[in-house]
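Hi everyone, thanks for coming. I'd like to walk you through one structure today, starting with a sheet and then moving on to the nonpolar cores.

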Amino acid sequence: MSGSDQASRRQVRVAGARDKAPPSLQALAAEAESLKASDRRGFLKGLLAIGGAAATGQAVAVTAAGSLPPLVPPWTRSLGRGVVSKPYGEPSAYEKDVLRRTVPWLTAESISSISMTPLQNLKGLITPNGLVFERYHAGVPEIDPEQHRLMIHGLVERPLIFTMQALQRFPSVSDIKFIECPANGGMEWKGPQMAGLQFTHGMLSCCEWTGVRLSTLLAEVGVKPEGKWLLAEGADGAAMARSIPIEKALDDTLVVYAQNGEALRPEQGYPVRLLNPGWEGNTSVKWLRRIEVGNQPWQMREETSKYTDLMADGRARKFTFVQECNSVITSPCPERPWQEAGWYEIEGLAWSGRGRVKAVDISFDGGVSWLNAALKGMVMSKSLTRFGYRFKWPGGPLLLQSRALDETGYVQPTLRQLREQRGVNSIYHKNAIHTWRVEADGSVRNVQML
Ligand code: CO
């Protein structure tokens with residue numbers, strides 16, 4: 001790709017990815033000032049005009065200023081819609097731009113592609129079900145739960161076939177866990193490519209998942225002593241399958257049928273999927289139909305040709321399951337620029353596939369010096385963790401970075417450290433410290449620093 005191609009492509013993506021700017025604090029303050037300055041007679045005249053029009057049933061032409069306090073906005077002077085006008089609720093029409101997005105040039109087909117979560121718009125830790133990133137290998141199957149079965153067989157004492165009803169008779173567990181595609185950030189090993197946060201880090205979501213411990217089901221079938229690996233296979237058109245070591249299966253793997261309080265979405269594996277907390281998302285096989293117990297890994301396509309890490313010397317790492325500790329600043333970011341100098345809260349997300357996030361540091365000078373950020377709200381193992389740092393921006397450029405540390409003592413690496421160890425040929429497991437350049441006008445650019 002030539003330099004000019006890259007530049008024009010980047011411009012297009014910036015234009016497409018940037019949110020509509022909200023009214024600035026300055027503009028709102030000026031409006032409030034003008035209202036306050038208007039004389040009492042003129043003020044009353046405005047109120048009377050609105051009252052008069054409403055009394056005669058005429059439509060009231062309401063300016064933006066007419067909706068602001070102390071005037072009464074139009075939605076307070078009329079009735080809203082009633083119950084079950086939308087039996088399944090949906091976001092406000094004003095949130096219509098909060099959407100999953102894809103990168104069209106990334107894959108040839110939408111049925112074997114990926115969409116990203118708009119992390120720039122999310123609050124707290126939980127990703128709403130409609131915004132959880134998607135990854136398919138042969139599109140979304142439409143599965144009738146009445147007809148769906150999960151078979152567990154192989155090196156077991158009692159091979160069994162479970163209906164959805166049978167699965168839901170076992171004791172259920174609910175747990176908040178992130179799920180991340182190991183290709184998250186993978187387009188940027190060689191340089192900054194993507195215009196915004198949604199595309200640099202959006203293959204990442206966090207939900208409350210409900211289901212049965214896989215260890216419970218394995219106890220039911222009785223794994224033979226020589227059973228060391230499992231093959232988990234999906235019911236999609238790709239029959240996507242991955243090998244999972246028995247240690248993980250007996251530790252914290254779940255067979256889940258619900259997310260955030262409701263049935264799994266079709267995109268997330270309805271009616272049942274595997275969930276391997278902290279491991280690359282691809283191992284959390286969706287539309288789960290079969291678990292075979294064996295004594296060695298199966299060497300499936302998705303663990304040989306794909307989801308392996310090509311090193312500088314041409315060899316590849318295999319079965320690199322854990323999503324290592326990572327973090328990113330979500331506000332500001334290219335989609336959420338600052339408006340003017342003054343107080344802001346820098347916010348971001350940190351996560352580790354090995355356990356809890358222990359600390360997050362912030363740098364304003366591209367990693368020269370570091371300050372402690374606060375961890376906000378719940379800090380849970382293998383979940384997203386939100387951090388914040390209150391900051392009075394004096395104006396002028398910044399090189400903003402975050403660096404997370406997990407409870408095992410692992411520190412998120414610099415890009416230089418990661419490249420020294422892994423080269424630049426890989427797609428997967430890029431968890432390097434990320435840099436946003438805040439420009440003097442408050443806009444934010446994706447840049448890379450070694
Ligand atoms: Co891997």
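Before we look at a helix on a sheet, one term: when I say contact, I mean heavy atoms within 4.5 Å. And please keep in mind that this is a predicted model.

So, which strands does helix α6 lie across? Helix α6, residues 214-221, lies across β3, β4, β7 and β12, and its angle to β3 is about 55°.

Those strands belong to an open sheet of five, ordered β4-β3-β12-β7-β8, with mixed pairing. At the edges we find β4 (160-162) and β8 (241-245), each with pairing on one side only. From one strand to the next, the twist averages 20°. If you zoom in on β3, residues 150-154, you'll see three bridges to β4, and the two run antiparallel. There, M151 stands opposite I161 in β4.

Now for the cores. The largest nonpolar core has 34 residues, and I346, I362 and L400 touch the most other members. Several strands supply at least two residues each, including β5 (173-180), β6 (204-213), β17 (357-363) and β21 (398-406). The largest share, five residues, comes from β16. Where does this core lie relative to domain 1 and domain 2? Domain 1 (101-317) and domain 2 (323-449) both give residues to it, so this core lies between them.

Take I362 as an example: beyond its neighbours within four places in sequence, I362 is in contact with residues including I329, I346, W370, F387 and L400.

Finally, there is a second, separate core of 31 residues, with L150, I244, I246 and Y257 among them. Happy to rotate the view for anyone!

Key: Residues numbered from 1 in each chain as written. Predicted model: local features only at pLDDT ≥ 70, side-chain atom pairs only at ≥ 80, totals over all residues. Heavy atoms only, no water. Pairing = 2+ DSSP bridges. Helix = DSSP H or I, 4+ residues; strand = E, 2+ residues; numbered from the N terminus. Axes fitted to C-alpha atoms, helices over the stretch in contact; angles between N-to-C directions. Core = buried A, V, L, I, M, F, W, Y, C linked by side-chain atoms within 4.5 Å. Buried < 20%, exposed > 50% of the residue type's maximum accessible area, 1.4 Å probe, protein only. Domains from an automatic or database assignment.
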